[in-house]
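User: Please take a close look at a single part of this model and describe its surroundings for a beginner. I would like each term explained when it comes up.

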Amino acid sequence: MAIRLPSGWGIGIEKQRFREADRIQKALDVLGAGFDWWYDWGHNSQAAGDARYIPMSYGYRLRETAEEVEFFREKMVLFMNEPETPLVPSMTPEQAARFTRRQIEALWRHEIPFTWAAPNCNVNDVNLWWLYAYAEQLRRIGIQAPPYWAFHIYTPQTIQHWNHLLNNMWTFWQKHGQGHPIVITEVAAGRHLESAPLIMALARELLVDERVLG
């Protein structure tokens with residue numbers, strides 16, 4: 001299985017704004033060599049030949065036929081993106097767990113090589129309840145923890161707030177992580193912590209933690 005994983009410091013390049021290979025390359029040139037991987041929430045970028053590109057497929061539409069699940073071959077499948085928020089197709093924890101099980105079973109049925117991460121949930125105090133409920137529902141229906149947990153960290157207002165959000169993440173992981181690595185796919189500072197170098201320095205500290213893949 002030749003699945004590339006997001007290991008180390010990575011960046012997201014918006015698929016909505018950077019559709020052409022030359023524009024993606026210009027973005028990569030501007031960003032320089034200070035990162036190890038990049039992704040665009042998709043799997044077929046025109047710049048996918050770059051060794052640092054991680055093809056990562058996600059979605060809410062169930063794919064079950066042999067033709068449909070080919071979409072996920074040798075990819076890191078990201079099941080759902082912020083499913084706990086009303087800004088995207090929101091799901092209850094129960095719906096999300098059932099969706100996860102059905103999609104995994106379809107991939108197994110057709111013997112598609114893949115790995116998966118879930119659920120790209122915010123670890124703030126408002127959204128955290130959803131994450132706990134999803135993990136409980138997975139266990140209830142007989143699904144092990146994701147091989148990779150995917151989290152978002154938004155939007156620390158102070159360094160103390162940043163540490164509080166990290167504590168939320170670690171407390172959850174200690175209960176439900178089952179030792180599986182974490183991928184933090186989005187990080188942004190709040191309006192009162194505007195220094196980009198500071199938030200990036202704080203985020204980089206996570207990469208020395210063996211529990212964090214990227």
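Analyst: **Glu186 and its surroundings**

Leaving out residues up to four places away in sequence, Glu186 touches Tyr39, Trp41, Asn81, Glu82, Phe151, His152, Ile153 and Tyr154, where contact means heavy atoms within 4.5 Å. The model is predicted, so local features need a pLDDT of at least 70 and side-chain atom pairs count only at 80 or more, while totals for chains, interfaces and linings use all residues. Residues are numbered from 1 along each chain as its sequence is written, and side-chain values use heavy atoms, with hydrogens and water left out.

Glu186 belongs to strand E7, which covers residues 182-187; strands (E, at least two residues) and helices (H or I, at least four) are DSSP runs numbered from the N terminus. With a relative accessible area of 15%, Glu186 is buried, a word that here means under 20%, as opposed to exposed at over 50% and partly exposed in between, using a 1.4 Å probe on protein chains only.

Two of the touching residues also make polar contacts: the side chain of Glu186 is joined to that of His152 at 3.4 Å and to that of Tyr154 at 2.3 Å. Such a contact is a pair of N or O atoms within 3.5 Å, in which, within protein, one must be able to donate a hydrogen and the other to accept it, and residues adjacent in sequence count only if both atoms are side-chain atoms.

Strand E7 also leads to the largest pocket, which holds about 630 Å³ of space. A pocket is an open set of points on a 1 Å grid over the protein atoms alone, where a 1.4 Å probe fits, with protein on both sides within 12 Å along at least five of seven lines, and its lining residues have an atom within 4 Å of a point. Grid points are joined across faces, edges and corners, and the volume is the space filled by probe spheres set on them. Of the 31 lining residues, Trp9, Gly10, Ile11, Gly12 and Val187 are closest to the centre. E7 is among the elements that give two or more residues to this lining, together with strands E1 (10-12) and E2 (37-39) and helices H1 (21-31) and H6 (196-205), and H6 gives the most, with 5.
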